[in-house]
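Reader: I would like a close look at a single part of this model, a hairpin and what surrounds it, with the cut-offs behind each term. Please take the pairing, the packing and the charged pairs in turn.

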Amino acid sequence: MKKYIFLGAAMLLLTAACSNNENSNPKEQPTQAVQFSFTNEDFGADETLSRATSAAETKPQTVDLGDCEAEISVENEPAVKTRGTMTNASGHYTIRAYQGGTLKGEMKGTFSGGAFTPDATSPQDIVLSAGTYDFIAFNDDVIPSGNDLTVDRTKAETARMGTTTANITATPRKQKVSFTMKHVGCRLHTQFVCQKDIPENITAKLEQTVANAVPTHMTYNILTQAKTYTNGAMTAENSSSPASTETSYTASNYGQNYAYTSTSSDYHYFLPTTEGSKLKLTFTAGTLFWKPLTGTIPQLNATLQMQAGKSYLVKIKLKPNYIYLMSDGSTGHFKDTTFGGGTKTPVGVVADPVARVAIALKDIGDGTLYPWSTLYPPVRGDNTTIYIESSNEYEDMDGYKWTWEPAGTADGTIKADQQTDYPAFYAAGHYNPGVTVSGTLVDKKWYLASWGEWTTYISLGLGFAKNINDAIDNFSYGILLEEALTKVGGKVLDTTDEGLGKKYLMSTQILNGFDPTPNTCDRRYYYKGGGVSGAIPGNITGRIRPFIKY
């Protein structure tokens, strides 16, 4: 008699009925029972799309967003596929057995807690003769039509399918067919990385670049194992990324490293073969540097083609897009300068585009030390000729006045015109940026900035201190400004030697009793006032970095 194997939810052990009459059942018909074992394979761990290092691969894509620049990493496919974790299967499944392209049996049922329960309307097992079979299992998010299985993109997150080939033999009595149920779809989310803290949520919309650019329908033929994809419409999807949680300032060493992250909480699910170049990200809210984020990253990733079961993390570096003052009085970004491929020659970094204030790219005399004044002794009260008095020196924004206006000195003299009495003011007022200026810059004057201007324009404006208290307490992302200066041939604000007389001079000087206190740039990367009580004018010396109102 022909032997059959029964494939069911659990091992079936069929025995002959007990009888004292051996002739009542003279011969048992041997049967076998086979168990199905289902395991779900989750999405793989996020595969970070890191910057390509091969010379043959494309450079990172840089997008000008006005307020900042976005650098999107180039996809570099890992050599080893990251496998997802394995969990117990659950849900409703269809199981089919094929041999030689012919369907030999089908059953349906539900897996829960590791146990399989066949549907009441389904065969309770699949009867097969010994031989080799191709098995396929799929959940209800996969729609069968004959030998074709179809999946819509709306089910890309949950549709699962598993295939295996097994040789069914007459013995042993216990046999098992195991399925690993894999995701049909794939997923992707974004991560913003920055050298400064990300202070608030960033929201955006992920959408296709052109109509019908994204696969929305997949068909899998069981017999040929061929997959075909059909493109269709994609509705824009929200993407929300929270504020960073890393410690402000110190996590990135004050702007040196890309230490601050904001990873979107939203995964976006796609069918395989979806291309990153067919997706764009449009910002809708969030402020990172000076202004709210706006604009669009027109290609989410230049080379990515998604694969089934994989999870991708697209890193987007956000960098401040500093504004430069050009030699002709105009302003522009790095790409507009001769260093970035443009035609303009930069002479300063714009500290406040509304107040139209910029800081020079270099120190005067490449770090030469200048006396604040040579007059001595200082005189109090109405006869003050050197020092100003202020109830809150951080509010003093009158560096131009102290440098160029008669009202900036008690005796009505202009400090910038007096090279002997006020060397620092004279040097700042007659600064030569090293290139010929033209246009609206011809009639503009450089000056020695005040304490408030250093704090407001440098610490807050260019160094991104979070508030005035942080600026006063020596906290900012000064290295970002250093990068902005050096990338166009400028020099960093170098106060590595913090000894008296080796810092940057400010025009604001406060007279405490009869002892003047020199106010200078206190240390590298942070810009605030401070000094040493008891210094006399001849001892107040330092470097000079001029400012200009353009």
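Author: The strands E28 and E29 pair with each other in the antiparallel sense over 4 bridges, where two strands count as paired if DSSP finds at least two bridges between them. Helices (H or I, at least four residues) and strands (E, at least two) are DSSP runs, numbered from the N terminus. The model is a predicted one, in which local features need pLDDT of at least 70, side-chain atom pairs count only at pLDDT 80 or more, and totals for chains, interfaces and linings use all residues. Residues are numbered from 1 along each chain as its sequence is written, and side-chain values use heavy atoms, with hydrogens and water left out.

Within this pairing, Asp352 of the hairpin stands opposite Val357 in E29. The hairpin has 4 residues between its strands, and Arg356 takes a positive phi near 60° there. Strand E29 has a further antiparallel partner, E35 (residues 547-549), to which 3 bridges join it. Val357 appears in this second pairing as well, standing opposite Lys549 in E35.

For the packing, Val349 is a useful place to begin. Leaving aside its neighbours within four places in sequence, Val349 is in contact with Tyr322, Ile323, Tyr324, Val357, Ala358, Ile359, Leu361, Leu462, Leu481 and Leu485, contact meaning heavy atoms within 4.5 Å. Val349 is also among the residues with the most contacts inside the largest nonpolar core, which has 64 residues, and it shares that standing with Ile316, Leu318, Tyr322 and Phe547. Helix H3 gives the most to this core, with 5 residues. A second, separate core of 23 residues includes Ala358, Tyr431, Leu441 and Leu505. Such a core is a set of buried Ala, Val, Leu, Ile, Met, Phe, Trp, Tyr and Cys residues joined through side-chain atoms within 4.5 Å, and buried itself means under 20% relative accessible area, with exposed being over 50% and partly exposed in between, for a 1.4 Å probe and protein chains only. In soluble globular proteins, nonpolar side chains tend to be buried together.

Helix H5 (residues 478-486) meets the hairpin from its own side of the packing, and H5 is mostly covered, since 7 of its 9 residues are buried. Those residues are Gly478, Ile479, Leu480, Leu481, Glu482, Ala484 and Leu485. The buried residues of H5 pack against both hairpin strands, E28 (346-352) and E29 (357-360), and also against E25 (311-320), E26 (324-326) and helix H3 (451-462). Two of the buried H5 residues, Leu481 and Leu485, are among the contacts of Val349.

Two of the core residues named above, Ile316 and Leu318, are touched by Val193, whose contacts, not counting residues up to four places away in sequence, also take in Tyr258, Tyr260, Thr261, Lys315 and Lys317. Val193 has its place in strand E16 (residues 186-194) and is buried, with a relative accessible area of 5%. Val193 and Tyr258 are 65 residues apart in sequence and 6.0 Å apart in space, C-alpha to C-alpha.

The charged pairs complete the picture. A search of the whole structure finds 10 salt bridges, each a side-chain nitrogen of Lys or Arg within 4 Å of a carboxyl oxygen of Asp or Glu. One of them joins Lys344 to Asp328, the closest N and O atoms being 2.6 Å apart. This pair links distant parts of the chain, 16 residues apart, with Lys344 in the loop between E27 (331-332) and E28, and Asp328 in the loop between E26 and E27. Lys344 is partly exposed at a relative accessible area of 29%, and Asp328, at 24%, also counts as partly exposed.

Another salt bridge joins Lys491 to Asp366, with the closest N and O atoms 3.5 Å apart. This pair likewise links distant parts of the chain, 125 residues apart: Lys491 lies in the loop between H5 and E32 (510-512), and Asp366 in the loop between E29 and E30 (370-371). Lys491 is partly exposed, with a relative accessible area of 39%, whereas Asp366, at 61%, counts as exposed.
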